[in-house]
Amino acid sequence: MEIKMVEHNNKLSQLVRENMKVVLLDIEGTTTAITFVSETLFPYAKLHLKDYLQDNWHNDQVLNVVSELKIQSEVDKSKYGIEVPQIITTQTRSQKDNAINSVVEYVKWQMSLNQKTIALKKLQGYIWRDGYHNKEIVGHVYKDVKHVLEQLKKMGKRLCIYSSGSVEAQKLLFGHTCSGNMLSLFGGNYDTKFGDKRSASSYKKIAECIGCSLQEILFLTDIEEEAVAAIESGMHACIVVRPGNKLIDKIENYHNITSFTSLIGS
């Protein structure tokens, strides 16, 4: 088994060296612990939600995202019914607390369903931005990640991110990691504005944006369905096996690694 794994990784590193121009990276479960978002970012946003709204209520950015959340709440009401908390809009300062409380209630409801609407991700991103800048949040990356990405960049590979988290959230994480600021390593960030990560068409759109053929891109992910979608699009894909990631049956049918070092053959 060990010999087969070495042979497998040698083939992968050769593929990367000789045929890949771009390495496209997922975040959760790939560069970063699968638990980082659920156990660090989400609780932080929930804990600081009300204070953030109170401190920034009359900021245009916040007012705009609240308007977007109200529109989304109406969409959710048509889908889920009366159980959806409704956002109160008001122009008077005396009703500010009631309005903020209604936003807090709705946002927490969305988060309880693990929704990933654009408005919710925007507001979470604003709160996380403060957390990172205040050094209350430090982005997690596995120890093998930074060194290998630096080596890949030296080899002339373009490194990009494709995550369900917003582009801003991606940049905040990699700009404030436990390994320092890693933003300079990346040449492109993509989120679900390009489509569902389990749809082949999303990967085609990203390749077109990058300006590279699909056959010259390797996508790294911990999710089998995402790997399948990338492969269906024409990309190469590799499943990253990290602690806590979902176990995949017949993983031997895919390129798979337990450490980024396998990408460079060491």
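1. Helices H8 and H9. In this predicted model, helix H8 covers residues 200-210 and helix H9 covers residues 224-233. Their axes come within 7 Å and cross at roughly 60°. That angle is neither under 35 degrees nor in the range 65 to 115, so H8 and H9 count as oblique to each other. The crossing is right-handed. On the H8 side, the contact is made by Ala-200, Tyr-203 and Lys-204. On the H9 side, the residues are Glu-226, Ala-229, Ala-230, Glu-232 and Ser-233. By class, this contact has four nonpolar, one polar and three charged residues.

2. Glu-226. One H9 residue of that contact deserves its own point. Is Glu-226 buried or exposed? Its relative accessibility is 7%. The cut-off for buried is under 20%, so Glu-226 counts as buried. Its side chain is joined to the side chain of Thr-221 by a polar contact of 2.7 Å. Leaving aside neighbours within four places in sequence, Glu-226 is in contact with Asp-26, Lys-197, Arg-198, Tyr-203, Phe-219 and Thr-221. Of these, Tyr-203 is also one of the H8 residues in the contact with H9.

3. Helices H3 and H5. Helix H3 (residues 60-80) and H5 have axes that come within 8 Å. The axes cross at roughly 150°. Angles over 145 degrees count as roughly antiparallel, so H3 is roughly antiparallel to H5. H3 passes H5 in a left-handed crossing. H3 brings Gln-61, Val-65, Glu-68 and Leu-69 to the contact. H5 brings Ala-119, Leu-120, Lys-122, Leu-123, Tyr-126 and Arg-129. The residues of this contact divide into six nonpolar, one polar and three charged.

4. Helices H4 and H5. H5 (residues 118-133) also meets helix H4 (residues 96-112). Here the axes come within 11 Å and cross at roughly 105°. That falls in the range 65 to 115 degrees, so H4 and H5 are roughly perpendicular to each other. Val-107, Gln-110 and Met-111 of H4 meet Leu-120, Leu-123 and Gln-124 of H5. The contact of H4 with H5 has four nonpolar residues, two polar ones and no charged ones. Leu-120 and Leu-123 of H5 appear here, and they appear in the contact with H3 too.

5. Gln-54. This residue is in helix H2. How accessible is Gln-54? At 30% relative accessibility it counts as partly exposed. Not counting residues up to four places away in sequence, Gln-54 touches Lys-96, Asp-97 and Ile-100. Those partners fall within the residue range of H4, 96-112. Gln-54 and Lys-96 are 42 residues apart along the chain. Their C-alpha atoms are separated by 8.5 Å.

6. Helix H7. Which residues of H7 (residues 167-175) are buried? They are Ala-169, Gln-170, Leu-172, Leu-173, Phe-174 and Gly-175. These buried residues pack against two helices and two strands: H2, H5, strand E2 (158-162) and strand E3 (189-190).

7. Phe-186. This residue sits in the loop between H7 and E3. Its relative accessible area is 13%. That is under 20%, so Phe-186 is buried. What does Phe-186 touch? Not counting residues up to four places away in sequence, it touches Leu-25, Leu-149, Leu-159, Cys-160, Ile-161 and Phe-174. Phe-174 is one of the buried residues of H7. Phe-186 and Asn-98 are 88 residues apart along the chain, and their C-alpha atoms are separated by 43 Å.

8. Thr-32. The last point concerns another loop residue. Thr-32 lies between strand E1 (22-25) and helix H2 (35-56). It has a relative accessible area of 1%. With the cut-off at under 20%, Thr-32 is therefore buried. Its side chain makes a polar contact of 3.0 Å with the side chain of Thr-31. The side chain of Thr-32 also reaches the backbone oxygen of His-140, at 2.8 Å. Leaving aside neighbours within four places in sequence, Thr-32 is in contact with Ile-27, His-140, Val-141, Tyr-142 and Leu-173. Leu-173 is one of the buried residues of H7.

Terms used
Residues numbered from 1 in each chain as written. Predicted model: local features only at pLDDT ≥ 70, side-chain atom pairs only at ≥ 80, totals over all residues. Heavy atoms only, no water. Helix = DSSP H or I, 4+ residues; strand = E, 2+ residues; numbered from the N terminus. Buried < 20%, exposed > 50% of the residue type's maximum accessible area, 1.4 Å probe, protein only. Polar contact = N/O pair within 3.5 Å; in protein donor to acceptor, adjacent residues only side chain to side chain. Contact = heavy atoms within 4.5 Å. Axes fitted to C-alpha atoms, helices over the stretch in contact; angles between N-to-C directions. Nonpolar A, V, L, I, M, F, W, Y, C, P; charged D, E, K, R; others polar. Left-handed = near helix turned anticlockwise from the far one by under 90°.
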